[in-house]
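Hi there,

Here is the structure I promised to pass along. Please have a look at it first, and then read on for my notes.

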Amino acid sequence: MRLEKAIADSMLDWPLTPVVERLQALRGVRLICAATFMVEVGDVRRFRNPRQLMVYLGLVPSERSTGDAVRRGGITNTGNARVRRVLAETAWTYRYPAKLGKRKYFASRHMPEVVREIASKA
């Protein structure tokens with residue numbers, strides 16, 4: 001609670017605050033996850049495509065190739081560990097069917113319709 005309050009207080013004059021608020025429309029994403037993502041990644045427009053972002057985060061499969069043989073392994077874990085950890089924790093919420101709870105409803109009702117539609121598709 002104190003950590004969330006400190007983060008919320010520090011975001012008052014931060015230019016990326018609207019992005020952090022909109023990220024929270026996604027399932028499993030709350031203040032700490034959204035703020036961590038934006039602090040560590042910054043402006044996501046610097047990545048030309050989603051694949052570059054995934055490489056930056058270390059969320060791409062490892063590969064060992066010799067000649068015609070291609071062997072793929074688990075994720076590389078070479079990217080940003082903090083963001084990868086909060087994203088993995090967030091992904092656990094996708095084990096269950098999607099429901100719009102009271103907390104998420106009240107947090108996202110003031111957001112633009114486009115943001116709510118993207119969040120519901122995700």
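Below is what turned up, going from the whole chain to single residues.

**The chain as a whole**

One thing to keep in mind from the start: this is a predicted model. The protein chain has seven helices and two strands. Starting at the N terminus, the order of its elements is α-α-α-α-β-β-α-α-α, with the two strands following four helices and preceding three. Along the principal axes, the C-alpha atoms fill a box of roughly 55 × 35 × 30 Å. The chain has 122 residues, and 25% of them count as buried. If you take the contacts with a separation of 6 or more, 47% of them come from residues 24 or more positions apart.

**How α3 packs**

Helix α3 (residues 31–41) is a good place to start, and I looked at its packing against α1, α4 and α5. Two packed helices are described by the angle between their axes and the distance between the axes, so I give both in each case below.

Take α1 (residues 2–10) to begin with. Its axis and that of α3 come within 10 Å and cross at roughly 50°. Angles that are neither under 35 degrees, nor over 145, nor from 65 to 115 count as oblique, so α1 is oblique to α3. The crossing of α1 with α3 is left-handed. On the α1 side, the residues that meet α3 are Leu-3, Glu-4, Ile-7 and Ala-8; on the α3 side they are Leu-31, Ile-32 and Ala-35. By type, this contact has six nonpolar residues, one charged and no polar.

Next comes α4 (residues 50–57). Here the axes are 12 Å apart and the angle is about 95°, which makes α3 roughly perpendicular to α4. Phe-37, Glu-40 and Val-41 of α3 meet Leu-53, Tyr-56 and Leu-57 of α4. Five of the residues in this contact are nonpolar and one is charged, with no polar ones.

The partner left to describe is α5 (81–91). The axes of α3 and α5 come within 9 Å and cross at roughly 150°. That angle is over 145 degrees, so α3 is roughly antiparallel to α5. This crossing, too, is left-handed. From α3, the contact involves Cys-33, Thr-36, Phe-37, Glu-40 and Val-41; from α5, it involves Arg-82, Val-83, Val-86, Leu-87 and Thr-90. The residues here divide into six nonpolar, two polar and two charged.

Phe-37, Glu-40 and Val-41 deserve a second glance in your viewer: they meet α4 and also take part in the contact with α5.

**An aromatic pair**

How many aromatic pairs does the count come to? It comes to one. The partners are Phe-47 and Tyr-56, with 5.5 Å from centre to centre and 50° between the planes, which is a tilted arrangement. Phe-47 is buried, at a relative accessible area of 14%, whereas Tyr-56 is partly exposed, at 30%. Tyr-56 is also one of the α4 residues that meet α3.

**Arg-22 and Val-115**

Arg-22 sits in helix α2 (residues 17–23) and Val-115 in helix α7 (residues 113–121). Arg-22 is partly exposed, with a relative accessible area of 43%, while Val-115 is buried, with 16%. Setting aside neighbours within four places in sequence, Arg-22 is in contact with Met-111, Pro-112 and Val-115. On the same basis, Val-115 is in contact with Arg-22 and Ala-25.

Two C-alpha to C-alpha distances may be handy here. Val-115 and Leu-26 are 89 residues apart in sequence and 9.1 Å apart in space. Arg-22 and Tyr-96 are 74 residues apart in sequence and 22 Å apart in space.

**A backbone detail**

Most residues other than glycine have a negative phi. Asn-77 has a positive phi of about 60°, although it is not a glycine. Where is Asn-77 placed? Asn-77 is in the loop between β2 (69–75) and α5. Its relative accessibility is 46%, so Asn-77 counts as partly exposed.

Happy browsing, and all the best!

Technical notes
Residues numbered from 1 in each chain as written. Predicted model: local features only at pLDDT ≥ 70, side-chain atom pairs only at ≥ 80, totals over all residues. Heavy atoms only, no water. Axes fitted to C-alpha atoms, helices over the stretch in contact; angles between N-to-C directions. Left-handed = near helix turned anticlockwise from the far one by under 90°. Contact = heavy atoms within 4.5 Å. Nonpolar A, V, L, I, M, F, W, Y, C, P; charged D, E, K, R; others polar. Phe/Tyr/Trp six-rings, centres within 6.5 Å; stacked < 30°, edge-to-face > 60°. Buried < 20%, exposed > 50% of the residue type's maximum accessible area, 1.4 Å probe, protein only.
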